[in-house]
Structures are given as C-alpha cells and as structure tokens.
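Trainee: Please take me on a close look at the inside of this protein. I would also like to hear about the outside, for contrast.

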Amino acid sequence: MERSQLGVVIIGRNEGERLRRCLESVCSQADHVVYVDSGSTDGSLALAQGMGVACVELDMTLPFTAARARNAGWRRLLQLAPEVRWIQFVDGDCEVVDGWLEQAQSFLAAHPQVAAVCGQRRERYPERSVFNLLCHLEWYKPPGKLKSFGGDVMLRRQALEQVGGYRDDLIAGEEPELCVRLRTAGWELYALPLEMTLHDAAMTRFRQWWLRMVRSGYAYAAGRYLHGASAQRHCVRETRRTWVWSLGPLGAVLALWPWWSAAALLVLLIYPLQVLRLFLRFRGSARERILQAVFHTLSRFPELVGHLQFWRDQWQGRRAQLIEYK
C-alpha cells in the first residue's frame with residue numbers, strides 16, 4: 001500500500017519512556033506522524049520534536065479532553081499531508097505492532113463500506129498487578145463487526161470528516177459516541193484477529209482501578225444522555241445495569257427491614273451469587289475468571305459515582321472535569 005496515504009496521530013501527556021516506544025514503533029512504519037501533547041512536564045514534547053515528529057501543543061487554558069487532542073491531531077495531519085486517506089489513532093502509552101498499519105490499511109482499501117478497523121490490544125505487563133491483568137482481559141475484541149472501538153483504531157478519512165470527528169467536550173467515552181454517529185451514517189466497524197498494539201496501563205493500586213471505573217460510569221451516563229433515545233439505545237443497558245446492581249439490593253434491604261429486621265440482609269447474598277454466575281460465564285484460567293467476576297460485580301459502585309457526577313454537572317451546568325487514574 002501507499003505509505004503516503006497513511007498518517008498516524010498520537011496523543012499523550014507525561015508518558016515518558018512509554019511515549020518513546022510508541023514513537024519508535026510508528027515512525028518505522030509511517031511517513032506522516034503527528035504527536036499531540038497535553039501539557040506534559042516530563043519532556044515528552046521535546047522528545048517527539050527531537051525524533052522529527054510534527055507536534056501540536058494543546059492550549060491548556062481550555063479544558064483538556066482526549067477527544068480534543070485527537071481532533072487537533074488529525075486536522076493538523078491533513079494540513080501537513082492532504083493526500084492521507086487512512087488515519088491511525090494511538091495513545092501514547094501504546095506501542096504499535098510491526099505490520100499492523102499495512103494490514104489495517106489494506107483491509108480498509110478492500111472494504112469500502114468499513115469506516116474503522118482495529119486489531120487486538122494487549123497489556124505489556126499483565127503479571128505486574130491484578131489491575132493490569134484485568135485490563136489485559138478487557139482488551140480482547142471478537143473478530144468481525146464491532147459495535148464500538150477504543151483509543152487505538154485506524155479510521156477512513158472520508159468517514160471521519162463526514163461525521164465531524166470526535167466530540168471535544170466529552171471527558172470519557174468519546175470513541176463509542178463517535179461509533180454511534182458512524183453507524184448511524186451507514187458505516188461498518190470491524191475488528192481483526194491481528195495484534196495491533198501493546199499497552200502499558202501502569203495500574204498498581206486499587207484507587208487507580210476505582211477512578212477508571214468512575215470514568216466509565218461517567219461515560220455511560222453521558223452516552224445515554226446523548227444517544228440513549230436513538231434506535232441504537234446507546235449505553236441504556238450499561239446505565240440500567242449500574243443502577244440495578246449498585247442500589248437495587250440495598251434498596252430491597254431497606255424496604256424489607258421493617259418486617260424482616262436483620263434477616264433482610266440475606267438479600268445481599270445476590271452479590272456472591274452474581275460473582276458465581278459471572279465466574280461460570282467467563283473463559284480463561286480459574287484465577288482470571290474469579291478476578292473478572294469479583295471486579296465486574298464491584299465495578300457497579302464506582303460506576304454509580306460516575307453517573308452521579310455526570311448528573312451533578314448537568315444539574316449545575318458546570319463543565320466536566322477530567323477523571324484521571326494515572
């Protein structure tokens with residue numbers, strides 16, 4: 001395929017050595033690379049400039065979102081290389097696997113109805129913490145048609161321009177929201193069984209996991225607010241699930257307490273039963289299955305916090321603040 005028709009947009013902030021690996025992996029596979037820096041203080045910008053990569057410094061007097069960074073990146077890319085037809089987005093904590101860019105480009109060229117294609121993201125150090133391992137298990141996407149993709153994806157320029165890119169104001173969930181608009185416009189999204197990127201979550205503490213789940217809850221609430229009433233019912237199931245599993249059993253205990261007293265606490269046995277149900281549903285080793293079952297059940301509580309933060313922001317008319325876990 002023509003390398004001149006391919007461009008890469010990297011976004012990052014204070015990624016350090018992870019950014020170096022990311023830049024090295026894409027510069028060997030693509031001629032047009034743009035790095036968007038969001039207020040790094042660790043020399044990331046100088047690193048990218050020293051490697052000859054075109055850079056964009058986001059104006060940090062405006063609220064930062066990954067969506068705004070990606071939009072700034074692909075628009076700058078097209079200014080520098082207007083012949084680009086395929087745009088690979090990648091987060092600065094990821095390394096692009098050799099051969100992925102060419103394979104993804106070839107797939108899009110052969111399937112004109114497909115707007116976006118992604119491969120498999122893998123965690124670089126899943127053994128370093130339970131939370132890294134959970135990310136590693138989460139990344140898998142069954143090959144075939146997709147409902148949504150993540151931060152690492154190759155997009156057809158025509159489709160991206162047609163829908164206007166990402167929503168700048170979303171602090172989380174900007175990729176699934178873009179997917180809703182792409183599918184509404186008649187485009188298809190695909191996942192391939194090929195290695196795409198190595199990711200370094202660097203999550204070693206429970207608080208990091210909790211904040212990541214709060215961000216997910218915020219994203220679900222925002223997604224339902226924007227597109228929940230559409231034919232795609234975006235994030236309706238996810239938000240309902242959060243409310244039911246976080247408050248439902250507790251509400252039942254309070255409702256039954258006047259009649260059952262302490263026996264009403266037996267309702268809470270639904271949580272270990274849910275863990276068992278999920279354990280039987282998941283695949284992998286026994287350790288992987290129990291970890292996923294326990295943390296999936298527990299995640300409904302930080303997701304609820306994210307929901308409440310979203311509706312607080314809506315009620316008060318305040319601008320959303322970024323929820324960072326690193």
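Mentor: Let's start with one term: two residues are in contact when heavy atoms of theirs lie within 4.5 Å. Keep in mind, too, that this is a predicted model. Of the contacts in the protein with a separation of 6 or more, 72% are between residues 24 or more positions apart.

Now for the overall frame. The protein has 12 helices and 9 strands, and its C-alpha atoms fill a box of roughly 70 × 45 × 40 Å along the principal axes. Its radius of gyration is 21 Å, which agrees with the value near 20 Å that a compact globule of 326 residues would have. Of those 326 residues, 49% are buried, and buried here means under 20% relative accessible area.

With that, we can go inside. In soluble globular proteins, nonpolar side chains tend to be buried together. Here, the largest nonpolar core has 62 residues. Ile 10, Ile 87, Phe 89, Phe 149, Leu 155 and Leu 182 are the ones with the most contacts inside this core. The element that gives the most to this core is α3, with 6 residues.

Let's pause at Ile 87. If we set aside its neighbours within four places in sequence, Ile 87 is in contact with residues from several stretches of the chain, among them Gly 7 and Val 9, then Trp 74, Leu 77 and Leu 78, and further along Val 153, Met 154 and Leu 155. Arg 157 and Leu 160 are also contacts of Ile 87.

There is a second, separate core of 13 residues, and it includes Leu 134, Cys 135, Met 213 and Leu 291. Two of these names lead us to helix α5, which spans residues 130–138: Leu 134 and Cys 135 are buried there, along with Phe 131, Asn 132 and Leu 133. The cover over the buried residues of α5 includes β6 (114–123), α8 (206–227) and α11 (286–298).

From α8 we can follow the chain into the loop between α8 and α9, where Cys 235 sits. Cys 235 counts as buried because its relative accessible area is 7%, under the 20% limit. Most residues other than glycine have a negative phi, yet Cys 235 has a positive phi of about 65°. Asn 14 also has a positive phi, near 55°. Asn 14 lies in the loop between β1 (6–12) and α1 (17–27) and is partly exposed, at 34% relative accessibility.

Now the outside, for contrast. The accessible surface comes to about 15,300 Å², and 56% of it belongs to carbon and sulfur atoms. On this surface, Tyr 225, Trp 243, Leu 247, Leu 250, Leu 308 and Trp 311 form a nonpolar patch, with about 590 Å² of accessible area together. Two elements, α9 (236–260) and α12 (300–316), give two or more residues each to the patch, and the largest share, 3 residues, comes from α9. Trp 243 is in helix α9 and counts as partly exposed, at 34% relative accessibility.

Our last stop is Thr 61, in the loop between β3 (54–57) and α3 (66–80). Thr 61 counts as exposed because its relative accessible area is 68%, over the 50% limit. The C-alpha atoms of Thr 61 and Gly 39 are 10.0 Å apart, with their positions 22 residues apart along the chain.

Definitions and conventions
Residues numbered from 1 in each chain as written. Predicted model: local features only at pLDDT ≥ 70, side-chain atom pairs only at ≥ 80, totals over all residues. Heavy atoms only, no water. Helix = DSSP H or I, 4+ residues; strand = E, 2+ residues; numbered from the N terminus. Buried < 20%, exposed > 50% of the residue type's maximum accessible area, 1.4 Å probe, protein only. Patch = residues over 30% accessible without salt bridge, like charges linked within 9 Å, V, L, I, M, F, W, Y side chains within 5 Å. Areas by Shrake-Rupley, 256 points an atom, 1.4 Å probe, with all protein chains shown as cover. Salt bridge = Lys/Arg side-chain N within 4 Å of Asp/Glu carboxyl O. Core = buried A, V, L, I, M, F, W, Y, C linked by side-chain atoms within 4.5 Å. Rg over C-alpha atoms; globule rule 2.2 N^0.38 Å.
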